[in-house]
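Subject: A structure for you to look through

Dear colleague,

I am passing on the structure we spoke about, together with some notes on what was found in it. Please keep the sequence and the 3D view open while you read, so that you can follow each point on the screen.

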Amino acid sequence: MILGGDELGRTQGGNNNAYCQDNEISWYDWSYTDDEFLAWCKRVIALRAEHPVFRRRRWFHGQLIRGVEDLAWLRPDGEEMTDQDWDTGHARAVGVYMNGASLPTTDAYGERIIDDTFLLLFNASDQDLLWTLPSSRWSSRWTVELDTTDPRRGASRAVHARPLEQRPIAARSLVVLRSTRPPSTLVTATPQQPTRPLIVADPASNPIESTGPPDTKGVPSA
(Lines give C-alpha, C1' and ligand atoms only; values in the text may rest on other atoms or scores of the structure.)
Protein backbone atom coordinates (compact mmCIF):
# COMPACT_ATOMS: atom_id res chain seq x y z
CA MET A 1 0.00 0.00 0.00
CA ILE A 2 1.16 3.51 -0.81
CA LEU A 3 0.26 6.59 1.21
CA GLY A 4 0.05 9.91 -0.58
CA GLY A 5 3.46 11.51 -0.29
CA ASP A 6 5.37 8.23 -0.13
CA GLU A 7 6.20 8.56 -3.81
CA LEU A 8 7.89 11.89 -3.08
CA GLY A 9 10.01 10.56 -0.23
CA ARG A 10 7.86 11.92 2.60
CA THR A 11 8.75 9.66 5.52
CA GLN A 12 6.70 11.35 8.30
CA GLY A 13 9.67 10.57 10.52
CA GLY A 14 8.60 6.93 10.64
CA ASN A 15 5.14 7.79 12.00
CA ASN A 16 2.63 5.57 10.19
CA ASN A 17 -0.40 7.14 11.87
CA ALA A 18 0.20 10.86 11.55
CA TYR A 19 -3.32 11.94 10.60
CA CYS A 20 -3.57 14.07 13.78
CA GLN A 21 -0.15 15.70 13.32
CA ASP A 22 -0.82 19.10 11.77
CA ASN A 23 2.86 20.00 11.67
CA GLU A 24 6.10 19.18 9.85
CA ILE A 25 5.54 15.46 10.46
CA SER A 26 2.61 15.22 8.03
CA TRP A 27 3.13 18.30 5.85
CA TYR A 28 4.34 17.98 2.29
CA ASP A 29 7.73 19.52 1.58
CA TRP A 30 7.29 20.46 -2.07
CA SER A 31 10.82 21.85 -2.22
CA TYR A 32 12.23 18.34 -1.87
CA THR A 33 11.36 15.35 -4.06
CA ASP A 34 13.13 12.03 -4.27
CA ASP A 35 13.16 11.91 -8.08
CA GLU A 36 14.63 8.40 -8.26
CA PHE A 37 12.01 6.96 -5.94
CA LEU A 38 9.26 8.87 -7.75
CA ALA A 39 10.35 7.26 -11.03
CA TRP A 40 10.30 3.87 -9.30
CA CYS A 41 6.75 4.40 -8.05
CA LYS A 42 5.65 5.33 -11.56
CA ARG A 43 7.07 2.05 -12.85
CA VAL A 44 5.24 0.04 -10.20
CA ILE A 45 1.95 1.82 -10.94
CA ALA A 46 2.42 1.31 -14.68
CA LEU A 47 3.14 -2.40 -14.14
CA ARG A 48 -0.08 -2.85 -12.19
CA ALA A 49 -2.09 -0.92 -14.77
CA GLU A 50 -0.63 -2.96 -17.64
CA HIS A 51 -1.23 -6.42 -16.15
CA PRO A 52 -4.75 -7.44 -15.04
CA VAL A 53 -3.30 -10.35 -13.04
CA PHE A 54 -2.50 -7.74 -10.36
CA ARG A 55 -6.05 -6.35 -10.50
CA ARG A 56 -8.21 -9.44 -10.08
CA ARG A 57 -11.84 -8.75 -9.24
CA ARG A 58 -12.57 -12.24 -7.92
CA TRP A 59 -11.02 -14.52 -5.34
CA PHE A 60 -8.48 -17.19 -6.18
CA HIS A 61 -9.77 -20.76 -6.12
CA GLY A 62 -6.55 -22.77 -6.05
CA GLN A 63 -7.64 -24.68 -9.16
CA LEU A 64 -5.25 -26.18 -11.68
CA ILE A 65 -4.71 -24.18 -14.87
CA ARG A 66 -2.58 -26.01 -17.46
CA GLY A 67 -1.04 -28.13 -14.73
CA VAL A 68 -0.34 -25.35 -12.21
CA GLU A 69 -2.53 -23.50 -9.74
CA ASP A 70 -3.95 -20.04 -10.28
CA LEU A 71 -2.11 -19.05 -7.10
CA ALA A 72 0.67 -20.87 -5.26
CA TRP A 73 2.95 -20.15 -2.30
CA LEU A 74 6.57 -21.23 -2.65
CA ARG A 75 9.51 -21.70 -0.28
CA PRO A 76 13.03 -20.42 -1.04
CA ASP A 77 13.96 -23.96 -2.11
CA GLY A 78 11.47 -23.69 -4.98
CA GLU A 79 8.92 -26.12 -3.54
CA GLU A 80 5.32 -25.38 -2.59
CA MET A 81 4.65 -24.47 1.01
CA THR A 82 2.93 -26.97 3.28
CA ASP A 83 0.67 -26.42 6.27
CA GLN A 84 3.68 -27.03 8.50
CA ASP A 85 5.63 -24.29 6.72
CA TRP A 86 2.95 -21.75 7.60
CA ASP A 87 3.43 -22.59 11.27
CA THR A 88 7.20 -22.02 11.14
CA GLY A 89 7.75 -18.89 13.20
CA HIS A 90 11.25 -18.11 11.95
CA ALA A 91 10.31 -18.14 8.25
CA ARG A 92 10.63 -14.66 6.78
CA ALA A 93 10.58 -15.39 3.05
CA VAL A 94 7.82 -16.48 0.67
CA GLY A 95 7.25 -16.67 -3.05
CA VAL A 96 3.87 -15.94 -4.65
CA TYR A 97 3.08 -17.49 -8.03
CA MET A 98 0.31 -15.66 -9.93
CA ASN A 99 -0.97 -17.49 -13.00
CA GLY A 100 -1.97 -15.07 -15.75
CA ALA A 101 -3.93 -17.79 -17.56
CA SER A 102 -6.44 -18.16 -14.71
CA LEU A 103 -8.19 -14.80 -14.85
CA PRO A 104 -11.95 -15.37 -14.51
CA THR A 105 -12.95 -12.07 -16.10
CA THR A 106 -13.49 -11.05 -19.71
CA ASP A 107 -12.77 -7.89 -21.64
CA ALA A 108 -15.26 -5.38 -23.05
CA TYR A 109 -15.94 -7.72 -26.00
CA GLY A 110 -16.60 -10.76 -23.84
CA GLU A 111 -13.28 -12.36 -24.75
CA ARG A 112 -11.24 -14.19 -22.14
CA ILE A 113 -8.32 -12.19 -20.71
CA ILE A 114 -4.96 -13.96 -20.63
CA ASP A 115 -2.07 -12.13 -18.99
CA ASP A 116 1.58 -12.86 -18.26
CA THR A 117 2.45 -15.03 -15.26
CA PHE A 118 4.47 -13.56 -12.39
CA LEU A 119 6.51 -14.83 -9.46
CA LEU A 120 6.94 -12.45 -6.51
CA LEU A 121 9.84 -13.24 -4.17
CA PHE A 122 9.61 -11.63 -0.73
CA ASN A 123 12.55 -11.67 1.66
CA ALA A 124 11.62 -9.92 4.90
CA SER A 125 14.57 -11.33 6.83
CA ASP A 126 17.76 -9.46 7.67
CA GLN A 127 19.89 -11.91 5.69
CA ASP A 128 20.47 -12.40 1.98
CA LEU A 129 19.03 -15.62 0.51
CA LEU A 130 19.84 -17.89 -2.40
CA TRP A 131 16.43 -18.56 -3.91
CA THR A 132 15.94 -21.66 -6.05
CA LEU A 133 13.51 -20.93 -8.85
CA PRO A 134 10.70 -23.48 -9.28
CA SER A 135 10.88 -26.29 -11.83
CA SER A 136 9.89 -26.02 -15.48
CA ARG A 137 6.40 -27.14 -14.48
CA TRP A 138 5.83 -23.53 -13.49
CA SER A 139 7.74 -21.77 -16.27
CA SER A 140 10.58 -22.47 -18.67
CA ARG A 141 12.15 -19.04 -18.32
CA TRP A 142 11.86 -15.96 -16.12
CA THR A 143 12.94 -12.37 -16.55
CA VAL A 144 13.43 -9.82 -13.78
CA GLU A 145 10.72 -7.18 -13.97
CA LEU A 146 11.39 -5.31 -10.72
CA ASP A 147 14.00 -5.46 -7.98
CA THR A 148 13.74 -3.16 -4.98
CA THR A 149 17.49 -3.28 -4.41
CA ASP A 150 18.28 -2.18 -7.97
CA PRO A 151 15.85 0.35 -9.48
CA ARG A 152 17.62 0.06 -12.84
CA ARG A 153 16.78 -3.61 -13.21
CA GLY A 154 13.66 -4.58 -15.09
CA ALA A 155 12.36 -2.58 -18.02
CA SER A 156 15.76 -1.04 -18.75
CA ARG A 157 17.62 -4.37 -18.89
CA ALA A 158 16.35 -7.92 -19.00
CA VAL A 159 17.90 -10.54 -16.73
CA HIS A 160 16.87 -14.05 -17.69
CA ALA A 161 16.69 -16.99 -15.30
CA ARG A 162 15.93 -20.66 -15.85
CA PRO A 163 14.14 -23.26 -13.70
CA LEU A 164 16.04 -24.53 -10.63
CA GLU A 165 18.56 -21.72 -11.01
CA GLN A 166 19.61 -20.09 -7.75
CA ARG A 167 19.32 -16.34 -7.56
CA PRO A 168 20.46 -14.08 -4.71
CA ILE A 169 17.62 -12.17 -3.04
CA ALA A 170 18.87 -9.37 -0.81
CA ALA A 171 17.66 -8.90 2.74
CA ARG A 172 14.39 -6.99 3.13
CA SER A 173 13.74 -6.85 -0.58
CA LEU A 174 11.21 -7.84 -3.22
CA VAL A 175 11.93 -9.23 -6.68
CA VAL A 176 9.22 -9.56 -9.34
CA LEU A 177 9.84 -12.14 -12.06
CA ARG A 178 7.78 -12.42 -15.23
CA SER A 179 7.39 -15.68 -17.12
CA THR A 180 8.50 -15.40 -20.74
CA ARG A 181 6.66 -18.01 -22.75
CA PRO A 182 7.72 -19.09 -26.23
CA PRO A 183 5.43 -17.81 -29.02
CA SER A 184 4.05 -21.29 -29.65
CA THR A 185 2.36 -21.33 -26.23
CA LEU A 186 0.77 -17.93 -26.48
CA VAL A 187 -2.97 -17.85 -26.98
CA THR A 188 -3.82 -15.85 -30.06
CA ALA A 189 -7.17 -15.09 -31.55
CA THR A 190 -7.82 -15.78 -35.23
CA PRO A 191 -8.93 -12.54 -36.85
CA GLN A 192 -12.38 -12.75 -38.37
CA GLN A 193 -13.11 -11.07 -41.65
CA PRO A 194 -16.15 -8.82 -41.50
CA THR A 195 -19.16 -10.12 -43.40
CA ARG A 196 -20.09 -7.90 -46.33
CA PRO A 197 -23.85 -7.39 -46.80
CA LEU A 198 -25.17 -8.91 -50.04
CA ILE A 199 -28.11 -7.62 -52.02
CA VAL A 200 -30.28 -10.42 -53.37
CA ALA A 201 -33.71 -10.46 -54.87
CA ASP A 202 -36.73 -12.25 -53.54
CA PRO A 203 -39.30 -13.88 -55.82
CA ALA A 204 -41.26 -10.63 -55.88
CA SER A 205 -38.16 -8.82 -57.15
CA ASN A 206 -38.00 -6.74 -54.00
CA PRO A 207 -34.34 -6.27 -53.01
CA ILE A 208 -33.55 -7.46 -49.51
CA GLU A 209 -30.36 -7.29 -47.53
CA SER A 210 -28.62 -10.45 -46.34
CA THR A 211 -25.55 -10.99 -44.17
CA GLY A 212 -24.67 -14.34 -45.77
CA PRO A 213 -24.23 -15.87 -49.20
CA PRO A 214 -27.32 -16.26 -51.35
CA ASP A 215 -29.10 -19.58 -51.28
CA THR A 216 -28.11 -21.36 -54.49
CA LYS A 217 -29.85 -24.61 -53.68
CA GLY A 218 -31.73 -25.81 -56.73
CA VAL A 219 -30.14 -23.30 -59.05
CA PRO A 220 -28.71 -25.10 -62.07
CA SER A 221 -25.02 -24.57 -62.75
CA ALA A 222 -23.87 -23.04 -66.00
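A disulfide is counted here as a pair of cysteine sulfur atoms within 2.5 Å, and a search of the whole structure by that rule finds 0 disulfides. Please bear in mind, here and below, that this is a predicted model. Two of the cysteines are still worth comparing: C20 counts as exposed because its relative accessibility is 53%, and the cut-off for exposed is over 50%. C41, by contrast, has a relative accessible area of 6%, so C41 counts as buried, a word kept for residues under 20%.

Turning to the overall layout, the chain contains 2 helices and 12 strands, and if you walk along the sequence you will meet these elements in the pattern α-β-β-β-α-β-β-β-β-β-β-β-β-β. Of the 222 residues in the chain, 31% are buried, while the area that the chain exposes comes to about 15400 Å², with carbon and sulfur atoms supplying 53% of that area. If you consider the contacts between residues at least 6 apart in sequence, you will find that 62% of them join residues at least 24 apart.

I would suggest looking next at strand 10, which spans residues 173–179 and is mostly covered, since 5 of its 7 residues are buried. Which strands pair with strand 10? One of them is strand 5 (residues 118–123), which runs antiparallel to strand 10 and is joined to it by 6 bridges; within this pairing, L120 stands opposite V176 of strand 10. Another is strand 7 (residues 142–147), which also pairs with strand 10 in the antiparallel sense, over 5 bridges, and here T143 has R178 of strand 10 as its bridge partner. When you look at side chains in this region, it may help to remember that in a regular strand they alternate between the two faces of the sheet.

Strand 10 appears again at the largest pocket, which has a volume of about 510 Å³. The pocket is lined by 19 residues, and those closest to its centre are I2, W40, V44, I45 and L174. Helix 1 (35–50), strand 7 and strand 10 are the elements that each give two or more residues to this lining, and the largest share, 8 residues, comes from helix 1.

With best wishes

Terms used:
Residues are numbered from 1 along each chain as its sequence is written. This is a predicted model: local features need pLDDT of at least 70, side-chain atom pairs count only at pLDDT 80 or more; totals for chains, interfaces and linings use all residues. Side-chain values use heavy atoms; hydrogens and water are left out. Helices (H or I, at least four residues) and strands (E, at least two) are DSSP runs, numbered from the N terminus. Buried means under 20% relative accessible area, exposed over 50%, partly exposed in between (1.4 Å probe, protein chains only). Contact means heavy atoms within 4.5 Å. Accessible areas come from the Shrake-Rupley method with a 1.4 Å probe; for residues, only the protein chains shown count as cover. Two strands pair if DSSP finds at least two bridges between them. On a 1 Å grid over the protein atoms alone, a cavity is a set of points where a 1.4 Å probe fits but cannot get out, and a pocket is an open set with protein on both sides within 12 Å along at least five of seven lines; lining residues have an atom within 4 Å of a point. Grid points are joined across faces, edges and corners, and a volume is the space filled by probe spheres set on the points.
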